[in-house]
Amino acid sequence: MPLHGARAAALLAWVNSTKVCTDPLDDLSQLQDCGVFIRIINKIHRSEEGESVLEQPLSERISFICGFLQKHCKHKSAAENLVSAQKLLEGEELALAKVAVLLLYHTSMSCKSPGDWNEFDYKTQVELASILRFVLDNEESLNENLETFLQRKAPLSSSSASSSSSEEHSPLLSLPHKREVRFLELQKIASSSGANNMLAGPPSSPMGDVMQTPQFQLRRLKKQLAVERENRDELEVELAENRKLITEKEAQITMMQQRIDRLALLSEKQAADQLEPKEMEELREKNESLMVRLHEALKQCQDLKTEKGQMDRKINQLSEENGDLSFKLREIASHLVQLQEALNELSEEHNAALAQSQEKQGQLESELRAALQEKKCSEEKIEILQGKVSLLEDQLAKLRDCSTQEKGEVMGDILKLEELKQEVSSLAAKGAELQATVLRLEEEKQLREAALQSERGRFEEEKQQLGGLVASLQSSLSESHRARERLEQDLRAREAGEPQG
């Protein structure tokens, strides 16, 4: 079964947006040498780790990509089941599309902000958002569902359908009093995590909408926390190695001190035995050389102890920050769940009110159409009757000129004419009533539309504020990120200047 055309095109547009290849690609088959994937990985991690792999055979490049996916994309079966190395080696487009999906997911989790997606057109963003949402909703069952999703439109589950409906078709109306109370509760929730002091704008694109959802934010926070823990573990391992090195240096210093003491005793003994000046000079030179080495070793040991103290403080600081981050993550997760539940409730209330309003609008329009039709019929009857009245008036004018014996017939026509005039008056009155009814219905329709538009505006404004509150929760990890960057810089500087034992 061929790939879903729109999704394949969206993935290709995302690959081209990374700007890792000189000329834009126009088909997924052009990715089969896997060089573009490796350059994307290098760009994500701002390193040249995969540059040497580009010179290796295709099988080695595929192994590198599978290893990266298994380590970083949080899909443990990616290298074995989800992405087949053999199918990548054969250049199968479905396998290439799977790799692109996983790299898109990892990139959006790692470094992409909602504003970075504005370079894509709306249709492409919609497809990328559907891919990202599918991966989020099917993390535990990608092996079974990803191929079907990439080859045709996958049916939405009840949960994902409601989520898509609430985010892609924004709820516009809800019961005013209940909504106002709920929004005050949301503001209280957000203020407890310090989100009210942050500035954040509403989602501006389909990809931005997905990245602002509580599900995506919680997944990103968990991923960041895992990275922080991994950094802490690496620092602890390095600290243990430094402690071991310090112990070895101290043992060397002890041995050298013992040798110096023995040489000093030997020097004293030889001096007492009146050794030759040449031998004394050699012993003195050896002693001085050993003393220099001893001072160097002592200095190295002191530097290592100083560095050990700094590392201990950094480890303690990182542990404290990690604890704070874990607490913030639990708190933010709880708040995000409450915000999502409240948003769902607002959406349900709005949908119910919108359905009721649309039903009332339909009734008004039906009544208006019926009144207009009746008015039209009345006007047509009035025109017909007025024509008859004109005809009878002409006939009466002629009959008045006739003889007296025809007066009875004239009187009959006059009565007949009076009845027509009364019927015309009656229909005219009814037409006036219908005109008033039409005007009333049109005015009521306009008022209803104005109220509905006002409610839509208010609900959209509150939804944007909710989106801002959710987005602002990301700022709670900024201090931890800065600390991590400082530690990485310190470690690189220390590794560059580490004394060789």
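Is Lys19 buried or exposed? In this predicted model, Lys19 counts as exposed because its relative accessibility comes to 62%, which clears the cut-off of over 50%. Lys19 sits in the loop that runs between helix H1 (5–17) and helix H2 (35–45). Its backbone is a bit unusual to look at: phi is near 60°, a positive value in a residue other than glycine. Cys34 belongs to the loop between H1 and H2 too, and its phi, near 65°, is again positive in a residue other than glycine. As for its surroundings, Cys34 is buried, because its relative accessible area is 0%. So the loop between H1 and H2 holds an exposed residue in Lys19 and a buried one in Cys34.

Next comes helix H3, which covers residues 58–72. With 15 residues, H3 reaches 21 Å from its first C-alpha to its last, close to the 21 Å expected at 1.5 Å a residue. Its buried residues are Arg61, Ile62, Phe64, Ile65, Cys66, Phe68 and Leu69, so an arginine turns up in that list along with two phenylalanines, Phe64 and Phe68.

Now to the aromatic contacts. The structure holds 2 aromatic pairs. One of them joins Phe134 and Phe149, with ring centres 4.0 Å apart and planes at 10°, and this pair is stacked. Phe134 comes from helix H7 (residues 122–137) and Phe149 from helix H8 (residues 142–151), so the pair ties together parts that are 15 residues apart in sequence. Phe134 counts as buried because its relative accessibility is 10%, and Phe149 counts as buried as well, at 5%. The ring of Phe149 has another partner: Arg7 lies over its face, at 4.0 Å from the ring centre.

Salt bridges are the other kind of side-chain contact to go through, and the count comes to 6. Among them is the one between Lys98 and Glu147, whose closest N and O atoms are 2.8 Å apart. Lys98 lies in helix H6 (residues 93–110) and Glu147 in helix H8, so this bridge ties together parts that are 49 residues apart in sequence. Lys98 counts as buried at 7% relative accessibility, whereas Glu147, at 29%, counts as partly exposed. Helix H8 thus contributes Glu147 to this bridge and Phe149 to the stacked pair with Phe134 of H7.

Further along the chain, Lys305 and Glu250 meet through their side chains in a salt bridge of 3.6 Å, N to O. Here Lys305 belongs to helix H13 (residues 277–399) and Glu250 to helix H12 (residues 214–272), so parts that are 55 residues apart in sequence are tied together. Both ends count as partly exposed, Lys305 at 41% relative accessibility and Glu250 at 32%. Lys299 and Asp303 also meet in a salt bridge, at 3.3 Å from N to O. Both are in helix H13, and because they are 4 residues apart, about one helical turn separates them. Lys299 counts as exposed at 54% relative accessibility, while Asp303 counts as partly exposed at 37%.

What does the UniProt record add? Its unreviewed entry places the feature "coiled-coil region" at residues 218–252 and 280–437. In the model, residues 218–252 are 100% helix and 0% strand, and the end C-alpha atoms of that stretch are 51 Å apart.

Conventions: Residues are numbered from 1 along each chain as its sequence is written. This is a predicted model: local features need pLDDT of at least 70, side-chain atom pairs count only at pLDDT 80 or more; totals for chains, interfaces and linings use all residues. Side-chain values use heavy atoms; hydrogens and water are left out. Buried means under 20% relative accessible area, exposed over 50%, partly exposed in between (1.4 Å probe, protein chains only). The expected span of a helix is 1.5 Å times one less than its number of residues. Rings of Phe, Tyr and Trp (its six-membered ring) pair if their centres lie within 6.5 Å; planes under 30 degrees apart count as stacked, over 60 as edge-to-face and the rest as tilted. A charge sits over a ring if NZ of Lys or CZ of Arg is within 6 Å of the ring centre and within 35 degrees of the ring normal. UniProt positions are given in the numbering used here, feature names are shortened, and annotations may be inferred rather than shown by experiment. A salt bridge is a side-chain nitrogen of Lys or Arg within 4 Å of a carboxyl oxygen of Asp or Glu.
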